[in-house]
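Dear colleague,

I am handing over the structure below, together with some notes on what turned up when I went through it. Please read the notes with the coordinates open beside them.

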Amino acid sequence: MKMLSYSVKQTLSRAFCLSAALICLGASNSAWALFSDDEARKAILDLRKSLATTQLELQGQIDKLKTENAELRGKVEELEKQGEDISTSQKTYYQDLDNRLGNFEPRTITIEGVSGTVQPGEKKAYDDALKAFQTGNLKKADDSFTAFTAKYPKSPYLPLALYWSGNSKYANKEYSGAISQLQSLIKRYPSHPRIPAAMVTLGNAQLESGNKAAAKKTFSEIIAKYPDTDAAKDAQQLIAGTK
């Protein structure tokens with residue numbers, strides 16, 4: 001690259017000298033006195049030809065520099081991509097290691113704003129229960145979440161376990177059980193991000209169990225407390241069923 005830059009400088013210097021010579025020949029009347037007309041014309045043509053050749057060489061070197069720069073940019077982008085891949089691999093490795101360690105020793109973690117110590121096997125128990133719910137095995141999900149809340153009462157997963165337990169029971173038409181689990185969640189974690197959605201299920205469970213007054217109160221509370229949420233939109237539609 002340095003040699004090429006040096007070559008470009010030399011070419012530019014030559015171009016400058018040739019241009020200066022043309023200007024001098026054109027500007028100096030005394031210089032014309034030293035040549036005949038034919039000699040002067042030939043000298044000018046030779047200089048123009050030399051200048052054109054120099055310009056072509058310069059353009060060729062510039063094009064070569066552009067090509068080399070493009071190649072360098074490609075290599076830099078390739079190195080950046082390799083760096084990103086290495087970073088992703090490291091994160092995956094440490095995440096996997098962290099998960100493996102979690103199966104053998106307690107860990108302190110934060111789940112949706114709730115911090116606490118997770119015991120070995122605790123996360124797997126929660127994940128298994130959630131998987132049962134997601135695959136439509138609602139009876140197994142209900143039993144698993146109920147067992148989880150009883151076994152891990154101080155778990156950072158407890159708010160989520162209560163939330164999904166309430167939804168599992170509602171899906172199984174166990175409305176009184178759903179109401180109990182969701183009210184427990186709302187009482188213990190009033191600022192948890194799942195509360196608006198939990199209150200929608202609570203209102204539905206109250207409505208399905210025939211308590212329209214309680215359902216209307218719940219839906220009205222959602223609209224008042226969480227006006228800009230999807231839960232409030234759902235409550236606006238559901239409150240018509242409480243009349």
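Lys-42 counts as exposed in this predicted model, because its relative accessibility of 51% lies over the 50% that the term requires. Its partner is Asp-46, and the two side chains meet in a salt bridge with a distance of 3.0 Å from N to O. Asp-46, at 40% relative accessibility, counts as partly exposed. Both residues belong to helix H3, where a spacing of four residues separates Lys-42 from Asp-46 by about one helical turn. As a general point, side chains of opposite charge can pair when their charged atoms come close.

Helix H3 holds another pair of this kind, since Lys-81 forms a salt bridge with Asp-85 in which the closest N and O atoms are 3.0 Å apart. Lys-81 and Asp-85 are again four residues apart in helix H3, about one turn of the helix. Here Lys-81 counts as partly exposed at 45% relative accessibility, and Asp-85 is also partly exposed, with a relative accessible area of 37%.

A further salt bridge is found in helix H9, which covers residues 212-225, where the side chains of Glu-221 and Lys-225 meet at 3.0 Å, N to O. Glu-221 and Lys-225 are four residues apart in that helix and are thus separated by about one helical turn. Glu-221 counts as partly exposed at 29% relative accessibility, whereas Lys-225 is exposed, with a relative accessible area of 53%.

These pairs are part of a longer list, as a search of the whole structure finds nine salt bridges. You may also wish to look at Asp-142, Lys-169 and Glu-174, which are linked in a network of salt bridges.

Turning to the aromatic residues, the structure holds seven aromatic pairs. One of them joins Tyr-126 and Phe-145 in an edge-to-face arrangement, with 6.0 Å from centre to centre and 65° between the planes. Tyr-126 lies in helix H4 (residues 122-134) and Phe-145 in helix H5 (residues 138-151), so this pair ties together parts that are 19 residues apart in sequence. Tyr-126 counts as buried at 5% relative accessibility, and Phe-145 counts as buried at 0%. Tyr-126 also pairs with Phe-148, and because the ring centres are 6.0 Å apart with the planes at 65°, that pair is edge-to-face. The pair of Tyr-126 in helix H4 and Phe-148 in helix H5 links distant parts of the chain, 22 residues apart. Phe-148, at 2% relative accessibility, counts as buried. Ring pairs link Tyr-126, Phe-145 and Phe-148 with Tyr-152 and Tyr-157 into a cluster.

A ring is also involved in a contact with a charge: the charged end of Arg-194 sits over the ring of Tyr-163, 5.4 Å from the centre of that ring.

On the surface, Tyr-93, Tyr-94 and Leu-97 form a nonpolar patch that has about 340 Å² of accessible area together. Leu-97 lies in helix H3, which covers residues 37-102. Which term applies to Leu-97, buried, partly exposed or exposed? Leu-97 is partly exposed, because its relative accessible area is 33%, a value between the limits of 20% and 50%.

For the chain as a whole, the secondary structure comes to 10 helices and two strands. Read along the sequence, these elements follow the pattern α-α-α-β-β-α-α-α-α-α-α-α. The protein chain has 243 residues, and buried residues make up 32% of them. The chain exposes about 15,700 Å², of which carbon and sulfur atoms supply 56%. Among the contacts with a separation of 6 or more, residues 24 or more positions apart account for 52%.

With best regards

Conventions: Residues are numbered from 1 along each chain as its sequence is written. This is a predicted model: local features need pLDDT of at least 70, side-chain atom pairs count only at pLDDT 80 or more; totals for chains, interfaces and linings use all residues. Side-chain values use heavy atoms; hydrogens and water are left out. Patches are made of residues with over 30% relative accessible area and no salt bridge: like charges are joined within 9 Å, nonpolar side chains (Val, Leu, Ile, Met, Phe, Trp, Tyr) within 5 Å. Accessible areas come from the Shrake-Rupley method with a 1.4 Å probe; for residues, only the protein chains shown count as cover. A salt bridge is a side-chain nitrogen of Lys or Arg within 4 Å of a carboxyl oxygen of Asp or Glu. Buried means under 20% relative accessible area, exposed over 50%, partly exposed in between (1.4 Å probe, protein chains only). Contact means heavy atoms within 4.5 Å. Rings of Phe, Tyr and Trp (its six-membered ring) pair if their centres lie within 6.5 Å; planes under 30 degrees apart count as stacked, over 60 as edge-to-face and the rest as tilted. A charge sits over a ring if NZ of Lys or CZ of Arg is within 6 Å of the ring centre and within 35 degrees of the ring normal.
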